[in-house]
Amino acid sequence: MKAIKALAAALVLSPLAALAGGDGWLTDLDEAKAQAKAEKKAILIDFTGSDWCHWCILLKKEVFGKEEFTKAASKDFVLVELDFPRKSDQSEEVQKKNKALAKSYGIRGYPTIVLTDDRGKEFARTGYKEGGVNP
């Protein structure tokens, strides 16, 4: 019976894993909203330029890439990475969707971190802050 439950959980979670930006991060805001609603969580959106933005790279290295951050933040937030790479490939569909989201949230620089409710309504925003997880 345990094996059947584990298999069922894997099948249900595998579509979400396919959306992950790595280490528990989703890359689709619509999926994040659905998950946030189901889990009664808020959403943390990282608007990043992962392969060119110096501050974005530092933020990932110092905070978002740390297991302790992901583990702690995932208790209250669904984590979303919306990437705007310049050197690596990204599908046209994802580029278009991310660009529209950046416009709708008024993103003017990277990184920008936006906190929203489960419907995507913003309640806080910040950028890179020096110091990492344990300043």
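**Note on the salt bridges of this model**

1. D117 is a buried residue, its relative accessible area being 19%. In this predicted model, the side chain of D117 meets that of R119 in a salt bridge, with an N to O distance of 2.8 Å. The partner, R119, is by contrast exposed, at a relative accessible area of 61%, so this pair joins a buried residue to an exposed one.

2. A salt bridge is also formed by the side chains of E39 and K41, where N and O are 3.0 Å apart. Here the lysine, K41, is the buried member, with a relative accessible area of 19%, whereas E39 is partly exposed at 39%. For both K41 and D117, the value of 19% should be read with the cut-off in mind, because buried means under 20% relative accessible area.

3. K97 and D30 form a salt bridge in which the closest N and O atoms are 3.4 Å apart. K97 belongs to helix α5 (residues 92–104) and D30 to helix α2 (residues 29–39), so the pair ties together parts that lie 67 residues apart in sequence. Both ends are partly exposed, K97 having a relative accessibility of 34% and D30 one of 45%.

4. The K97 and D30 pair does not stand by itself, since D28, D30 and K97 are linked in a network of salt bridges.

5. The structure as a whole holds seven salt bridges, among them the pairs R119 with D117, E39 with K41 and K97 with D30.

Note on methods: Residues numbered from 1 in each chain as written. Predicted model: local features only at pLDDT ≥ 70, side-chain atom pairs only at ≥ 80, totals over all residues. Heavy atoms only, no water. Salt bridge = Lys/Arg side-chain N within 4 Å of Asp/Glu carboxyl O. Helix = DSSP H or I, 4+ residues; strand = E, 2+ residues; numbered from the N terminus. Buried < 20%, exposed > 50% of the residue type's maximum accessible area, 1.4 Å probe, protein only.
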